[in-house]
Amino acid sequence: MGYADEIGTDNKSRNVTGMEGEKFAPPPFDGDMVDKMSESERNIYEAGIEKYNRLGWKRLTVVLIVEAIALGSLSIPSSFATLGMVAGVIMTVGLGFIAIYTSYVVGQVKLKFPEVAHYPEAGRLMFGRVGYEIVYVMLGLQLLFLTGSHCLTGTIAFINITDSGICSVIFAVVSAIILLLFAVPPSFAEMAILGYIDFVSIIVAILITMIATGVRSSNEVGGLSAVDWSAWPKEGITFTDAFIAVTNIVFAYSFAMCQFSFMDEMHTPKDYTKSIWALGLIEIVIYTITGAVIYAFVGQDVQSPALLSAGSTVKRVAFGIALPVIFISGSINTVVLGRMVHGRIFKNSPIRFINTKMGWITWLVLITIITWLAFVIAEVIPFFSDLLSISSSLFISGFTFYFPALMWFLLLREGKWNTPKNLMLGALNLMCLIIGLVTLGAGTYASVDDIVINYRNGSVRGVFSCASPE
């Protein structure tokens, strides 16, 4: 499928059957350019089209699971400890269903405008070139932050698994190299094969953590009834604490930001609704059970990531099992960013298909640069919850909430405002818009405030230091 960078290019050779059709196959070049290709270039072009048009809805679900169900699930129990059981469940379930709806809106935009290959191109549809560039930078930074957060989690995992005095920066370098290696395959259909390992990895790690914390609490004096958990927010909760907890839940529902890229490889894009409902419901169930059960077993002392609460021996096993999800899920963010940048640089060249020598050279250089930048971010913000929180506030607030709401108002709404359908959907999208803007403003303030407090108190290691990260 295409990496079309310019909306409104010549569509005369595009094979687009419309919203109810079976396939979208917009070529990356217009018809005249294809006609002028040499035979060898045309072969590369046709092989590229075939390579990036193999994703069905089941594989899309797997790819979405790889991208979505990872670090988010590890931060949920600590959010429950801050918000309390009642608010934690309400926020996890409520934000989950809202994320499913906004993801549905994103898919509708892709069906209506099949030439949109990445989120920034939807920004162009709404706000022109300025919108394209703003969303492009936001998406690029968010993907860097995501890869960085996985690099940080890999560092935490290796420190706990080895229980050694090796400098943490060395483990961070090792994590970055592994993330780079997993990002080498440029096709999401190829990445989907690893998704099954990824999903089993996180589920088993979560189950081990649940069982271990439950057994340990049962063996303590007073048993499970003595665990210090509450239905209500913890005493003395501050605005910063509360919003860090909320934005950690928001982080867990970030799958819409890569949806345009994933759908661009689908052979039947209209089937995307099956994927987002499957993923959304799986996420809601996993996150709610993970947050509630681990919080009920551990109480206020639950740590983030949650695997740290499993006890010295079990947490080493849990982190070992979680290594695939840490690195596979992290690398897919590198692939999305790499595809986006590579497609823009070589938008009028067969190099974009990454099936030639020069295509592979430029791809490997690009993902190496991306991984290095992500490593730097992980070292500059070396604490798990705040890294997720600032990422959620600055970027996911837009991709999951206020951008889809604006898409409905500017791109999808049809008919008069006073129809029952438009009034209902208008109210729903206005709510999504408000949620996104509040998360952007209040969440960013809370994240920065917490980072400043952590550095002031010396509760986290310094930049590029050998001390253990949070």
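Trainee: Which helix is the place of I369?

Mentor: Helices here are DSSP runs (H or I, at least four residues), numbered from the N terminus. I369 sits in helix α13, residues 357-380. Keep in mind that this is a predicted model, where local features need pLDDT of at least 70, side-chain atom pairs count only at pLDDT 80 or more, and totals for chains, interfaces and linings use all residues. Residues are numbered from 1 along each chain as its sequence is written, and side-chain values use heavy atoms, with hydrogens and water left out.

Trainee: Is I369 buried, exposed or partly exposed?

Mentor: Buried means under 20% relative accessible area, exposed over 50%, and partly exposed in between (1.4 Å probe, protein chains only). I369 has 44%, so partly exposed is the label.

Trainee: And T356, where does that lie?

Mentor: In the loop between α12 (312-345) and α13. T356 counts as buried, at 19% relative accessible area.

Trainee: What lies 3.1 Å from a polar atom of the T356 side chain?

Mentor: The backbone nitrogen of G359.

Trainee: How do I check the span of helix α11?

Mentor: Take 1.5 Å times one less than the number of residues. Helix α11 (residues 272-298) has 27 residues, so the expected span is 39 Å; the end C-alpha atoms are 38 Å apart, which agrees. Next comes G299, with a positive phi near 85°.

Trainee: How many disulfides are there?

Mentor: A disulfide is a covalent bond between the sulfur atoms of two cysteines. The rule asks for a pair of cysteine sulfur atoms within 2.5 Å, and the count comes to 0. As for burial, C151 is buried at 1% relative accessible area, and C432 is buried at 0%.

Technical notes. Helix = DSSP H or I, 4+ residues; strand = E, 2+ residues; numbered from the N terminus. Polar contact = N/O pair within 3.5 Å; in protein donor to acceptor, adjacent residues only side chain to side chain.
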